[in-house]
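Work through the following exercises with the sequence and the model at hand. Each task is followed by a solution in steps.

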Amino acid sequence: MTTRIVLRTPSLLLIGLTLGLCLVSIGNAKEEESKNVTVISTTSSADGGTEISRQLLSECIISLPRADALAADIQQKTEYLLNINGEVGKNGHTKVYSATVSVNYLLFQKELLVVGTRSVTSKEPIVKEIEKRLPKKQVFQSEAVDGDIYAGKSLKSYYFTSPESAIADSRRRAAVWIEQQRTLQCTDK
């Protein structure tokens, strides 16, 4: 005699298995008859697929440039400004500048890579440490709020009128970031 139980959820699977074992043990207590219980589940994760997971173990900066060695890219355009420095009627075309500084650095990462398979037969997962050296880039733009002139009365817009002041602002921002990152530099790489 075969009893067939069809289950739709994993939690019912445990209940079904327990019920099946009870039926078998009750049947064995009354008579010497063995019963087969077949449990059918509609979902299965044993599809033979591969699961890959990564975990970052450590990260540090291998190299940072010196702040005084940074070069800037300068952009220039002409703007028509109204009420220059708050003076009513002082309007005109003015050359305004902005600057960009790029900080290129090298980042070291150590990751733990775990590759496992979803199969009925159990296999040991493959665990491997991976070391990477990644080139990174951080870009710093000059901020016009630190500009040397402004236009408008109540709503002011600031501008740099010399390339030197725009370069100095973007380099200052980059230098601050570089000094903050010095604590994250690798000690043994």
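The exercises below concern side-chain pairs and burial in this predicted model.

**Exercise 1. Salt bridge between strands**

Find the partner of glutamate 111 in a salt bridge and say where the two residues lie.

Solution.
- Step 1. The partner is arginine 54, and the closest N and O atoms of the pair are 2.8 Å apart.
- Step 2. Glutamate 111 belongs to strand β5 (residues 92-117), while arginine 54 belongs to strand β3 (residues 50-63). The two are 57 residues apart, so the salt bridge links distant parts of the chain.
- Step 3. With a relative accessible area of 10%, glutamate 111 falls under the 20% limit and is therefore buried.
- Step 4. Arginine 54 has a relative accessible area of 54%, which is over 50%, so this residue is exposed.

**Exercise 2. A second salt bridge**

Decide whether arginine 66 and aspartate 68 are buried or exposed.

Solution.
- Step 1. Arginine 66 and aspartate 68 form a salt bridge whose closest N and O atoms lie 3.1 Å apart.
- Step 2. The relative accessible area of arginine 66 is 55%, so arginine 66 is exposed.
- Step 3. For aspartate 68 the relative accessibility is 61%, and aspartate 68 is exposed too.

**Exercise 3. Salt bridges and helix α2**

Describe the salt bridge of arginine 172 and aspartate 169, then place it in its network.

Solution.
- Step 1. The N to O distance between the side chains of arginine 172 and aspartate 169 is 2.8 Å.
- Step 2. Both residues are in helix α2 (residues 163-181); because they are three residues apart there, about one helical turn separates them.
- Step 3. Arginine 172 is partly exposed at 44% relative accessible area, whereas aspartate 169 is buried at 5%.
- Step 4. Asp146, Asp169, Arg172 and Arg173 make up one network through salt bridges that share partners.
- Step 5. Across the structure, the count of salt bridges is 11.

**Exercise 4. Surroundings of two residues**

Which residues does serine 170 contact, and which does isoleucine 130 touch, once those up to four places away in sequence are set aside?

Solution.
- Step 1. Serine 170 is part of helix α2. Its relative accessible area is 0%, so serine 170 is buried.
- Step 2. The contacts of serine 170 beyond its sequence neighbours are Ala99, Thr100, Val101, Phe140, Gln141 and Ser142.
- Step 3. Isoleucine 130 sits in strand β6 (residues 126-141). At 21% relative accessible area, isoleucine 130 is partly exposed.
- Step 4. Isoleucine 130 touches Gln109, Lys110, Glu111 and Leu113. Its C-alpha atom and that of glutamine 109 are 8.1 Å apart, with the two positions 21 residues apart along the chain counted as their separation.

**Exercise 5. The disulfide**

Which cysteines form the disulfide, and which hand does it have?

Solution.
- Step 1. A search of the whole structure returns one disulfide.
- Step 2. This disulfide joins cysteine 60 and cysteine 186, with an S to S distance of 1.8 Å.
- Step 3. The torsion about the S-S bond is about 95 degrees, so the disulfide is right-handed.
- Step 4. Cysteine 60 is in strand β3 and cysteine 186 in the segment after α2, so the disulfide ties together parts 126 residues apart in sequence.
- Step 5. Cysteine 60 and cysteine 186 are both buried.

**Exercise 6. Aromatic rings**

Classify the ring pair of tyrosine 105 and tryptophan 177, then examine the surroundings of tyrosine 150.

Solution.
- Step 1. The whole structure holds three aromatic pairs.
- Step 2. The ring centres of tyrosine 105 and tryptophan 177 are 5.3 Å apart and the planes are at 55 degrees; this angle is neither under 30 nor over 60, so the pair is tilted.
- Step 3. Tyrosine 105 lies in strand β5 and tryptophan 177 in helix α2, so the pair ties together parts 72 residues apart in sequence.
- Step 4. Tyrosine 105 is buried at 14% relative accessible area, and tryptophan 177 is buried at 13%.
- Step 5. Ring pairs also bring in Phe140, giving a cluster of Tyr105, Phe140 and Trp177.
- Step 6. Tyrosine 150 forms a tilted pair with tyrosine 158, at 5.5 Å centre to centre and 45 degrees between the planes. Tyrosine 158 is partly exposed, at 30% relative accessibility.
- Step 7. Lysine 156 lies over the face of tyrosine 150, 4.7 Å from the ring centre.

Notes:
Residues are numbered from 1 along each chain as its sequence is written. This is a predicted model: local features need pLDDT of at least 70, side-chain atom pairs count only at pLDDT 80 or more; totals for chains, interfaces and linings use all residues. Side-chain values use heavy atoms; hydrogens and water are left out. A salt bridge is a side-chain nitrogen of Lys or Arg within 4 Å of a carboxyl oxygen of Asp or Glu. Helices (H or I, at least four residues) and strands (E, at least two) are DSSP runs, numbered from the N terminus. Buried means under 20% relative accessible area, exposed over 50%, partly exposed in between (1.4 Å probe, protein chains only). Contact means heavy atoms within 4.5 Å. A disulfide is a pair of cysteine sulfur atoms within 2.5 Å. Rings of Phe, Tyr and Trp (its six-membered ring) pair if their centres lie within 6.5 Å; planes under 30 degrees apart count as stacked, over 60 as edge-to-face and the rest as tilted. A charge sits over a ring if NZ of Lys or CZ of Arg is within 6 Å of the ring centre and within 35 degrees of the ring normal.
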